[in-house]
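The following exercises are to be worked with the sequence and the coordinates at hand. Each task is followed by a solution in steps.

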Amino acid sequence: MMNRRPVATAASYYHLPYATNSFAHGQYHDPAFLSVGYRPLHLPLQQQQHSAEHLSLAGFQDPGFQLLQQPSVHQHSLPVRTRLQHRRAAQEAMAHPQQSEEQLAELQKLSNAWEPEVIGPLVGPREPSTKITTEYASADPVYQVKTAALPQKYSHYRTVRGDGKCGWRAVGFGYFEALIRSDDSTKFLFEEARLRSMSNVFTAAGIDSMVYEDFADEALGLLRRIYDAAHTGDATEILFEAFNDETVQNYIITYLKLITTAWMKTNAGDYAPWIENGQTVDEYCDHSIMPIGAEIESAGLAPLKDVLLSPAGIALEVHYLDRSPTDAGDIQNYYFGPASQPTVGTVRLLYRPGHYDILYKNEDFPQQVTTYLQFANPDHQDYVQNIAGCDFMTAIPGGSIINPHQAWLSGSCYGNSVSDISATPAPIQQCVQRTPAAVHAPSVIVHQQLQPQTLYIPAPPQQLITPPTELPQELVIRTLPQVSLAQAGLHGQGAGPFRASPWQYEDGLMQATSRMPLQTTIFRNSHFNTAHFNNPDFQPEEWKPDDDYVTTTSKGFRHRNG
Amino acid sequence: MAGNKRIMKEFADIQANSPPGCTITLPKEDDLLNWEVTMDGPSDSVYAGGRFKLAVALPKEYPFKPPNVSFKTKIYHPNVSNDERGSMCLGMLRADEWKPPNKIVEVLKLVRAVLAAPQPEDAVEPGIANEYKNERRAFDKNAKEWVSKYAK
């Protein structure tokens, strides 16, 4: 769904959600900035009008006009040019004082009530970071250079909905994801115990258990659910669903805000120097962390990292993507490692003024050799087809299934495929019934031959994150039969003159043989045989009455495991 | 629903230990989202002796959106809109200042505190606010009049 959005709207996605009360938010969400950085020409007309509307409203943000709240977020990142534009807009607005108080109140009401249309999922799917480059292809050169360099460092990214909670959500999601990636289930228990023991910190900060327990329950509950799911392998899915459930993620974000507040209050000395505008830590927590609309700021990100990530051994990396020119065209990079413990993982954030997304490096995923099965990426589909035994036939003149020879299309093979199949020998028919794709009528199979792209059946999503416990070689052999060999059998027998071999239609065959090497006489007499006294895992052969009637060859080759 | 569980708990708590001068009931027993509060005017204020009916409407998203507090009894107060809605919106009740850990007990305490000490800087009725600031005696007289007229 993200793919279909036009480039220009994609850029405005980050801009829109903030436009409500965010003239001071910084360039990224700033309507005034829009004209500098994004060339409003690229925006749909309606959005341009929005920007104009807000510019005129911005004018009323005069100190004398008390009703309008003035958020002071990311003020520092506002370029001088933009600030000048603000002032000019303000002057223009003050030049028309004929607006009555009621009109202003009406405008104020409208401005308060206006809720931007927030686009996109709360947490998006992981996508190749080249998409960011495309998104900025029509932006100004600084962004173009920076985003072009991005995919070299970070292969993937994940969007987080820009509804004012993105920073909190991104860190929370990254935390759980890093725990899942650590692939160490004791880590979850450790973390649960640690977070439960936070009650001391809450007490010290003067936060009553009544206040936080609901939120803590939800967060710890998710931790527990993921821990339970770690064995079945759908932990990532559970995490993804939880963070896309508005209520659940609200609870978790509030929990993160609570532990941040508690931590800041109990370590006030460490954080007080970083708070701007002369606020105390208590005031800061009250006004800039706890309120539902409070975005994360660096003064809040630091304690959140210290209380949530560092003790868990998770590092935090923040990459700035803004208009500040850098020599190397590289993105500014801030890395916060945990103080003492070994790093379990790293939460990587992409920061664009006012907005956070999640970044990934290639090394963040379990590395596997069988890349062609690992990704459901269009580039890799060809390989799967290769294995499925289709493409090699193009080497034979007129022998391809994908582009069948004229002679195949005419005559019985094309016209009467139903009878063709029913005429094939019995074992193959059994195979047809077993393979799921055979649910289609046989005529559909003929159709598939003419449209090569439908031949590809994508790998099931679980395979994207196979636990890295198995040896790569083993994986190649074991995963192939599931995905492709069944298919190969199907196409092989549906396609006419080629007769399927047992390798193609017997599901268990590859697996069986991969585990049990061929038992030749040479092997049996070597020390590689466990029955040989020189084998380190020596296990004498036992006589089993059941085996007595099985001949030596079949025992060794086919029917041992079948 | 997690939100509902919390509301139920809060309602039980508030019944067992209601804030001073407040009685809380549910107008419809199966509707936990609409509370009715009867609040006595603070004894040290111009509203002493009055009984005010308030409606507390909890949004579906509660506790992630603030409750909606409105006076059903007319009241002469700079922070309460002088119309049939009698709505009140200040401080922690604003959508972006609301904190999810806040409870309705605290909201009611805030309302009562605002009755005792109006906040003219945050007024929804600028006229009444001006009177409160500049002609305190006239304000007191009007407020008391309204109490005896509507809130007895």
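**Exercise 1. A strand residue of chain B**

Task: Determine in which strand of chain B B:Ser70 lies, and state whether B:Ser70 is buried or exposed.

Solution. The model is a predicted one.
Step 1. B:Ser70 belongs to strand β4 of chain B, which covers residues 68–71.
Step 2. The relative accessible area of B:Ser70 is 12%. The limit for a buried residue is under 20%, so B:Ser70 is buried.
Step 3. With neighbours within four places in sequence set aside, the contacts of B:Ser70 fall on B:Lys53, B:Leu54, B:Ala55, B:Arg85, B:Gly86 and B:Ser87.

**Exercise 2. A loop lysine that follows β4**

Task: Locate B:Lys74 in chain B, classify its accessibility and list its contacts beyond four places in sequence.

Solution.
Step 1. B:Lys74 is placed in the loop that runs between β4 and β5 (87–88) of chain B.
Step 2. A relative accessible area of 33% makes B:Lys74 partly exposed.
Step 3. Outside the four-place window in sequence, B:Lys74 is in contact with B:Phe52, B:Asn82, B:Trp146 and B:Tyr150. With B:Asn82, the side chain of B:Lys74 forms a polar contact of 3.4 Å.
Step 4. The C-alpha atoms of B:Lys74 and B:Arg85 lie 9.3 Å apart, and the two residues are 11 residues apart in sequence.

**Exercise 3. Two backbone features**

Task: Which peptide bond of chain B is cis, with omega near 5 degrees, and what is the phi of A:Asn277?

Solution.
Step 1. Most residues other than glycine have a negative phi, and most peptide bonds are trans.
Step 2. The bond from B:Tyr62 to B:Pro63 is cis, its omega being near 5 degrees. B:Pro63 is in the loop between β3 (51–57) and β4 of chain B.
Step 3. A:Asn277, although not a glycine, has a positive phi of about 65 degrees. A:Asn277 is situated in the loop between α14 (268–271) and α15 (281–289) of chain A.
Step 4. A:Asn277 is exposed because its relative accessible area, 64%, satisfies the limit of over 50%.

**Exercise 4. The interface of chain A and chain B**

Task: Describe how many residues each chain contributes to the contact, and which helices of chain A each supply at least two residues to it.

Solution.
Step 1. Chain A contributes 19 residues and chain B contributes 18 residues.
Step 2. The two chains bury about 1,600 Å² between them, with 58% of it on carbon and sulfur atoms.
Step 3. Between chain A and chain B there are 3 salt bridges, and 5 residue pairs are in polar contact across the interface, both residues being at pLDDT 80 or more.
Step 4. On the side of chain A that touches chain B, α11 (209–229) and α13 (246–266) each supply at least two residues. The largest share, 6 residues, is that of α11(A).
Step 5. The side of chain A that touches chain B divides by class into 8 nonpolar, 6 polar and 5 charged residues.

**Exercise 5. Two residues of helix α11**

Task: For A:Asp214 and A:Val211, identify the contacts beyond four places in sequence.

Solution.
Step 1. A:Asp214 is part of helix α11 of chain A, and A:Val211 is found in helix α11 as well.
Step 2. A:Asp214 is buried, at a relative accessible area of 16%. A:Val211, at 19% relative accessibility, also counts as buried.
Step 3. A:Asp214 touches A:Tyr251, B:Arg6 and B:Lys9. With B:Lys9, A:Asp214 forms a salt bridge between side chains at 3.3 Å, N to O.
Step 4. A:Val211 is in contact with A:Leu258, B:Pro101 and B:Lys103. A:Val211 and A:Leu258 are 47 residues apart along the chain, with their C-alpha atoms separated by 9.1 Å.

**Exercise 6. Chain A as a whole, and the cysteines**

Task: State how many helices and strands chain A has and how many disulfides the structure holds.

Solution.
Step 1. Chain A has 28 helices and 6 strands. Of its 562 residues, 47% are buried.
Step 2. Among contacts in chain A between residues at least 6 apart in sequence, 72% link residues at least 24 apart.
Step 3. Over all chains the structure holds 0 disulfides. A:Cys166 counts as buried at 3% relative accessibility, and B:Cys22 is buried with a relative accessible area of 8%.

Note on methods. Residues numbered from 1 in each chain as written. Chains lettered and ligands numbered in written order. Predicted model: local features only at pLDDT ≥ 70, side-chain atom pairs only at ≥ 80, totals over all residues. Heavy atoms only, no water. Disulfide = S-S within 2.5 Å. Buried < 20%, exposed > 50% of the residue type's maximum accessible area, 1.4 Å probe, protein only. Contact = heavy atoms within 4.5 Å. Buried area = accessible area lost by both parts, 1.4 Å probe. Salt bridge = Lys/Arg side-chain N within 4 Å of Asp/Glu carboxyl O. Polar contact = N/O pair within 3.5 Å; in protein donor to acceptor, adjacent residues only side chain to side chain. Helix = DSSP H or I, 4+ residues; strand = E, 2+ residues; numbered from the N terminus. Nonpolar A, V, L, I, M, F, W, Y, C, P; charged D, E, K, R; others polar.
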